[in-house]
Every structure is written in structure tokens, then in C-alpha cells.
Amino acid sequence: MPDNSDITKNLLDMYGRNDWVMNLNFRFFLSFSGLKDLPLDSKILDCGCAMGHLIIMLKSFGFNNVSGLDASPEMVESAKKITGSPVILSDVVEIRRHFEPECLDAIIISDLFHHIPSMDAWEIILDGCSTILRENGCLIIREPYPIFLLNLLYKMSRYKFLHFGFLKARLRSFIEEDELLKYFFTHWPNGYRDLLSKNGFRIIKDMDWLVHRITSCRRIAHSR
Ligand SMILES: C[S@@+](CC[C@H](N)C(=O)[O-])C[C@H]1O[C@@H](n2cnc3c(N)ncnc32)[C@H](O)[C@@H]1O
């Protein structure tokens, strides 16, 4: 299910700024996750790609087979225009419908699971990713994590006078997404390792960075 209109409006504001904070953070993400080290012809899907800024960065590094998927029509329109790459309009829960089995080398899920408040849906998504990734393909997950900076921003979000510049939409998102984040932090941190292994993924790197945890996985051979 796509986000409600208030969340989408705030995200359109945030990604529309295309600011240095976002781009620097993406740059670190691509290095730390190992994505930058993949062969340049890797077939990569960015799920919940928003306006496609990560796709643009991947293309700037020479990746020539990158596509996106997002549930918001406004995001998909912008991403198609900005990136010139294929971008599918779909709920990520339906991911399996859009691809042949074992056809992708890497799937990115960045800041998306916390928009989906259902353990069952997470499981369907991971099962879908496992089906459409080739053996040993990469699943890279980046989600908010309650480390020092995130907790600090959470607290700062209560003070409206701090809602300016690049902080504005970011702090607002803690308010708009409060219920989603509560669900996420209650269920994801203790459950994601089991969910990943149950759906055929081996974690090869799991690290905290600023306000996120970056988890890089490989799809192990199917036993089904
Ligand atoms: C916080 S943004 C993340 C954007 C980008 N991946 C990043 O890391 O900065 C979440 C994105 O996920 C999309 N989204 C939310 N729910 C979704 C769903 N069920 N299926 C697909 N996309 C969804 C939103 O439209 C939005 O573009």
C-alpha cells in the first residue's frame, strides 16, 4: 500500500530538494554496502526509489542496468523523468509479479520496510526478492535504527523552530511517520535476521551508520 498523502507530500518536499546531505549519505551507502564493487553491468533494482536520486548516482558510477519501483505515482513520474530509467509503479509487496525468477543481480531496499507496518508483508517481500534474485545475488537493506543520531533527531523533531532548511522535511518525517516507526522498531530489530535467513539470505555485513543500519546479504541456493 502506498503512503498516505501527508507522508508522500513531505517526502516529495524532501527528495525534491536533492540536497547535499542526501547525496553524501547515498555515496557512503553505496561504498559501505558493497554495491559500488559490483560489476558495472549488474542488473540492479531500487525498491522504493522515490525520485530516483540513488539510481542517478549508480548511473554516474557507470552502472548501466538500473531500474526502480515505487508505489507513489508522483514519485514514479519524477523518477522516470529524472533518471531516464525504467521505473515500475507498484506496491513492493507485488514485486514478484514484475520479474522473471532469478533475473536480478542486486536489489536495494532503502528506507522502505519501515513504511510497511506488517511482518507478513515483510515476509512476502523478502520471499519475492529471494525468487527474483539470482543465486548469490545481493540484497541490500538500509533502514532507520535507533542509534545516537536518530534518537537525537527524534527528540529535535518535537521542536517546530528547528524545522528549517534541510532539517525541515527530515524532522517532519519523524512526526508524520511516528506510528510507522513505532511498529518498525517494535518488530524489525529483533526479527530481521530470522526473516532474512528464513527467506534464503545470508548476512555478510551489518553495520550502523548515522541514522541507519545497513545490511548486505547474499541469496543462498534455493532448496525448494
Ligand atoms: C523514505 S522514501 C525512501 C526513498 C529512498 N529509497 C531512500 O532511501 O532515500 C520511501 C519510498 O518508498 C515508497 N513506498 C512506500 N510504501 C511503498 C510500498 N508499499 N511499495 C513501494 N514503494 C513504497 C514511497 O513512495 C517513497 O518513495
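Reader: How many bridges join strand 5 to strand 7, and do the two run parallel or antiparallel?
Author: In this predicted model, seven bridges join strand 5 to strand 7 (residues 212–219), and the two run antiparallel. Strands here are DSSP runs of E with at least two residues, helices are runs of H or I with at least four, both numbered from the N terminus, and two strands pair if DSSP finds at least two bridges between them. One of the bridge partnerships sets isoleucine 140 against serine 216 in strand 7.

Reader: Before we go on, which pLDDT cut-offs apply, and how are residues numbered?
Author: Residues are numbered from 1 along each chain as its sequence is written. The model being predicted, local features need pLDDT of at least 70 and side-chain atom pairs count only at pLDDT 80 or more, while totals for chains, interfaces and linings use all residues.

Reader: Back to strand 5, then: how many of its residues are buried?
Author: Nine of the twelve residues in strand 5 (residues 133–144) are buried, where buried means 20 or more other C-beta atoms within 10 Å of the residue's own, exposed means 12 or fewer, partly exposed lies in between, and C-beta atoms are placed from the backbone.

Reader: And what about strand 5 and strand 4, parallel or antiparallel?
Author: Strand 4 and strand 5 run parallel and are joined by six bridges, with alanine 106 opposite cysteine 138 in strand 5. Between these strands the chain passes through helix 5 (residues 119–132), in a right-handed β-α-β crossover; right-handed means that, with the strands pointing away from the viewer, the path from the first strand over the helix to the second runs clockwise.

Reader: Switching to strand 2, which residues point which way?
Author: Val66, Gly68 and Asp70 point one way, Ser67 and Leu69 point the other way, and all are buried, so strand 2 (residues 66–70) has five of its five residues buried.

Reader: Which residues stand opposite Leu69?
Author: Cysteine 47 stands opposite leucine 69, and in strand 3 the bridge partner of leucine 69 is isoleucine 88. Strand 2 pairs in the parallel sense with strand 1 (residues 44–47) over four bridges, and also in the parallel sense with strand 3 (residues 87–89) over three bridges.

Reader: What does strand 2 make with helix 4 and strand 3?
Author: Strand 2, helix 4 (residues 73–83) and strand 3 form a right-handed β-α-β unit.

Reader: Which residues of helix 4 are buried, and what covers them?
Author: Met75, Val76, Ser78, Ala79 and Thr83 are buried in helix 4. They lie on the same side of helix 4 because they cover an arc of only 165 degrees around the axis, the arc being that of the directions from the helix axis to the C-beta atoms. Their cover includes helix 3, strand 2 and strand 3, judged by contact, that is, C-beta atoms placed from the backbone within 7 Å. On the other side of helix 4, Pro73 and Lys81 are exposed.

Reader: And just after helix 4, what does glycine 84 do?
Author: Glycine 84 takes a positive phi of about 70 degrees there.

Reader: New topic: where does arginine 97 lie, and is it buried or exposed?
Author: Arginine 97 sits in the loop between strand 3 and strand 4 (104–110), and arginine 97 is exposed because 11 other C-beta atoms lie within 10 Å. Its C-alpha is 8.6 Å from that of glycine 128, although the two residues are 31 apart in sequence.

Note on methods:
Two residues are in contact if their C-beta atoms, placed from the backbone, lie within 7 Å.
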